[in-house]
Amino acid sequence: MPRKVLESFNVSYLQILDAEGHLDTDLEPDIPPDALRHLYRTMVFARQLDQRMLSLQRQGRLGTFAPSMGQEASQVGSAFALEPTDWMVPAFRETAAYILRGLPIKAILTYFMGREEGNLIPEGHRDLPIAIPVASQIPHAVGLAMAAKIRRDPCAVLTYFGDGATSEGDFHEACNFAGVFQVPVVFLCQNNQYAISVPIQRQTRARTLAQKAIAYGFDGLQVDGNDLLAVYVATRDALARAKAGKGPTLIECLTYRMSMHTTADDPSRYRTKEEEEEWRKKDPIPRFREYLRRKRLWDEAWQAQIEQEIDAEIRRAVEEAEAGADVDPTDMFDAVFASKPPYLQRQQEELRAALRRGKAVSHG
Ligand SMILES: Cc1ncc(C[n+]2csc(CCOP(=O)(O)OP(=O)(O)O)c2C)c(N)n1
């Protein structure tokens, strides 16, 4: 018998606005001018907040956090494609996506100042809290999508994760389940080239991460993750397919973590200045600014105005967050389940008692 080819596959790459500012007008989405300016402002906001948070962390006023610098287009472009009724399921680096979704800045700061209340997503927001264990949020997203399907809730779910997460079992189990049950989920992998110090070449032998979708029976595509327009179009289309009952999509956003992994990391130990410089030329923010400028939607005066407004807004949020109550470590047992199971109740009591004893010792 002759051998037959049973499967062959294609992985497409989408770019609409390249690093030199060339625009593919056939693919350009029709986004109203106000929305374009809002998208730009959100990216600038995220970057300014990153910088402010870094200073606060260095001053001992904020805990460790993972900067989103360089990944603003991947996050803002994709989150913009969501309706408020859709779910957003982040990992731990999605500050820019949270800002676009309208999470109060005070909540973001409160969480990173070590207070659990910052992780309580306000009523009515369909966003999940930060997930630190790598890839753990991906099965949660698939669970939400499965629930939506069963309840006939016409929403879709967008979940974020990094290139490193694609080496975790959770990613593969989630993809398999989503493919089998055709649930309305969009997997958005921000391939920022590193998982802490591990480069993408040590993460996979495959040419793209997008092609991992093929084995699970759905489509994967790669997009220029520093091109907000391409990210938006890819996510918009994937969400539409999900809502039409056509199942999941894996979108791989090619991007770069321009800053440190977290504030506890020193990237100069594992990557070169030359490499960082190459990616700096692909920075998503100046690229989008130039796009707006050519449309006469950006000028220096507006830039100065938004920077000032954002600065004032961040300043207010920092004041409010710092004025909050002291950290209570026993809070970590609350809000995990709708009603606290007895074993967590017990652990919370034990911790309270231990803290009281500790206080008695230190004061006595
Ligand atoms: C299950 C688990 N293992 C290890 C860690 C420690 N850790 C935190 S972030 C990270 C790398 C994640 O890389 P990637 O998924 O590419 O996301 P990125 O940090 O680049 O956004 C690791 C290993 C963790 N948080 N959870």
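Is Gly-114 buried, partly exposed or exposed? Keep that in mind while we walk through this predicted model; we'll select the residue at the end.

Start with the whole protein chain in cartoon view. You should be able to pick out eleven helices and eight strands. The radius of gyration is 22 Å, close to the 21 Å that the globule rule gives for 364 residues, so the chain is as compact as a globular protein of that length. Turn on a bounding box along the principal axes, and the C-alpha atoms fill roughly 80 × 60 × 45 Å.

Next, colour by domain. Select 12-327 for domain 1 and 331-364 for domain 2. Drop a marker on the C-alpha centre of each, and the two markers sit 34 Å apart.

Now switch to a surface. About 18,500 Å² of the protein chain is accessible, and carbon and sulfur atoms own 51% of that. Of the 364 residues, 49% are buried. If you'd like a contact map alongside, take the contacts with a separation of 6 or more: 75% of them join residues 24 or more positions apart.

Colour by charge while the surface is up. There are 45 positive and 51 negative charges, and their mean positions lie 3 Å apart.

Finally, select Gly-114 and zoom in. This glycine is in the loop between helix 4 (105-112) and helix 5 (137-151). Its relative accessibility is 39%, so Gly-114 counts as partly exposed, given that the class runs between the 20% and 50% cut-offs. Add Pro-329 to the selection: Gly-114 and Pro-329 are 215 residues apart along the chain, yet 8.7 Å separates their C-alpha atoms.

Key:
Residues are numbered from 1 along each chain as its sequence is written. This is a predicted model: local features need pLDDT of at least 70, side-chain atom pairs count only at pLDDT 80 or more; totals for chains, interfaces and linings use all residues. Side-chain values use heavy atoms; hydrogens and water are left out. Domain bounds come from an automatic or database domain assignment. Helices (H or I, at least four residues) and strands (E, at least two) are DSSP runs, numbered from the N terminus. The radius of gyration is taken over C-alpha atoms; the globule rule is 2.2 Å times the number of residues to the power 0.38. Buried means under 20% relative accessible area, exposed over 50%, partly exposed in between (1.4 Å probe, protein chains only). Contact means heavy atoms within 4.5 Å. Accessible areas come from the Shrake-Rupley method with a 1.4 Å probe; for residues, only the protein chains shown count as cover. Lys and Arg count as positive and Asp and Glu as negative; His and the chain ends are not counted. The place of a charge is taken as NZ of Lys, CZ of Arg, CG of Asp or CD of Glu.
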